[in-house]
Amino acid sequence: VDASFPEEGAGAPDEAGKSEPQGFDAHGLSIAAFEPMPEVAEAARRSAEALHAAIGATVRVRQLALGEAQGALRLAVPRVSAAESSLHVAPPEMDLVEVRVETLDRILGGSSVDLLKLHAQGAELHVLRGAERALLSGRICAVWLRLSSV
């Protein structure tokens, strides 16, 4: 989830007509994040703790991949940057790591989501197929895609 923070001096005017800075309060905001790579998931957990301390948002990071079927897949991980991992065929400069895969339908059960922000390195359609019941029933209100071509 990306949040916009007010600029310095922005906010509601006080009695003298001056604007007081407004902070961003995310208490009550709940975010679920999914990351298949152990070291990246751990870094995300540390960031989540800092985010909670700073603005009160609760972020739960689960170490798994989302896809169209439950099981396991081999994730192609570049030796240079785990951030560019892909579930597609691995070129020689990549390592293959087996990761657990869940569907979003299974994870959500009957719950609803206000915003699904999705960046799956070219596997976005697989993730959306795994969320078919939630999407068709309107339990996912909005989807924000960051598409990648692999």
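Where is Gln121 found, in terms of the strand and the helix on either side of the loop? Gln121 lies in the loop between strand 6 (113–118) and helix 3 (124–129), and the tour comes back to this residue at its last stop.

**Before you start**

This is a predicted model, in which local features need pLDDT of at least 70 and side-chain atom pairs count only at pLDDT 80 or more, while totals for chains, interfaces and linings use all residues. Residues are numbered from 1 along each chain as its sequence is written, and side-chain values use heavy atoms, with hydrogens and water left out.

**The whole chain**

Select the protein chain and colour it by secondary structure: there are four helices and seven strands, where helices (H or I, at least four residues) and strands (E, at least two) are DSSP runs numbered from the N terminus. Followed along the sequence, the chain gives the pattern β-α-β-β-β-β-α-β-α-α-β. Of its 150 residues, 27% are buried, with buried meaning under 20% relative accessible area, exposed over 50%, and partly exposed in between (1.4 Å probe, protein chains only). Among contacts with a separation of 6 or more, 63% are between residues 24 or more positions apart, a contact being heavy atoms within 4.5 Å. Switching to a surface view shows an accessible surface of about 9700 Å², of which 52% belongs to carbon and sulfur atoms; accessible areas come from the Shrake-Rupley method with a 1.4 Å probe, and for residues only the protein chains shown count as cover.

**The three-stranded sheet**

Next, select strands 3, 4 and 5, which make an open sheet in the order 3-5-4 with mixed pairing; two strands pair if DSSP finds at least two bridges between them. Strand 3 (65–66) and strand 4 (71–78) are at the edges with a single partner strand each, so one side of each has no neighbour in the sheet. Strand 3 runs parallel to strand 5, with two bridges between them, and here Ala65 stands opposite Val101 in strand 5. On the other pairing, strand 4 and strand 5 (residues 94–102) are antiparallel over eight bridges. To follow that pairing, show Arg74, which stands opposite Glu98 in strand 5, and then Val77, which faces Asp95 in strand 5.

**Salt bridges**

In general, side chains of opposite charge can pair when their charged atoms come close. Across the whole structure there are five salt bridges, each defined as a side-chain nitrogen of Lys or Arg within 4 Å of a carboxyl oxygen of Asp or Glu. Begin with Glu102, which is buried at a relative accessible area of 7%, and show its salt bridge with Arg106, where the closest N and O atoms are 3.0 Å apart. Glu102 also meets Arg100 in a salt bridge (3.7 Å, N to O), and Arg100 is partly exposed at 44%.

Then move to helix 1 (residues 38–55), where Glu42 and Arg46 are four residues apart and therefore separated by about one helical turn. Their salt bridge has its closest N and O atoms 4.0 Å apart, and Glu42 is partly exposed at 37% relative accessibility. Adding Arg45 to the selection completes a network of salt bridges that links Glu42, Arg45 and Arg46.

**A nonpolar patch**

Select Leu135, Val143, Leu145 and Leu147, which form a nonpolar patch on the surface with about 330 Å² of accessible area together. Patches are made of residues with over 30% relative accessible area and no salt bridge, like charges being joined within 9 Å and nonpolar side chains (Val, Leu, Ile, Met, Phe, Trp, Tyr) within 5 Å. Within this patch, Val143 belongs to strand 7 (residues 140–145) and is partly exposed, with a relative accessible area of 36%.

**Back to Gln121**

Finally, return to Gln121, which counts as buried at 11% relative accessibility. Its side chain is joined to that of His119 by a polar contact of 3.2 Å, a polar contact being a pair of N or O atoms within 3.5 Å, where within protein one must be able to donate a hydrogen and the other to accept it, and residues adjacent in sequence count only if both atoms are side-chain atoms. Gln121 also has a phi near 50°, a positive value in a residue other than glycine. Most residues other than glycine have a negative phi.
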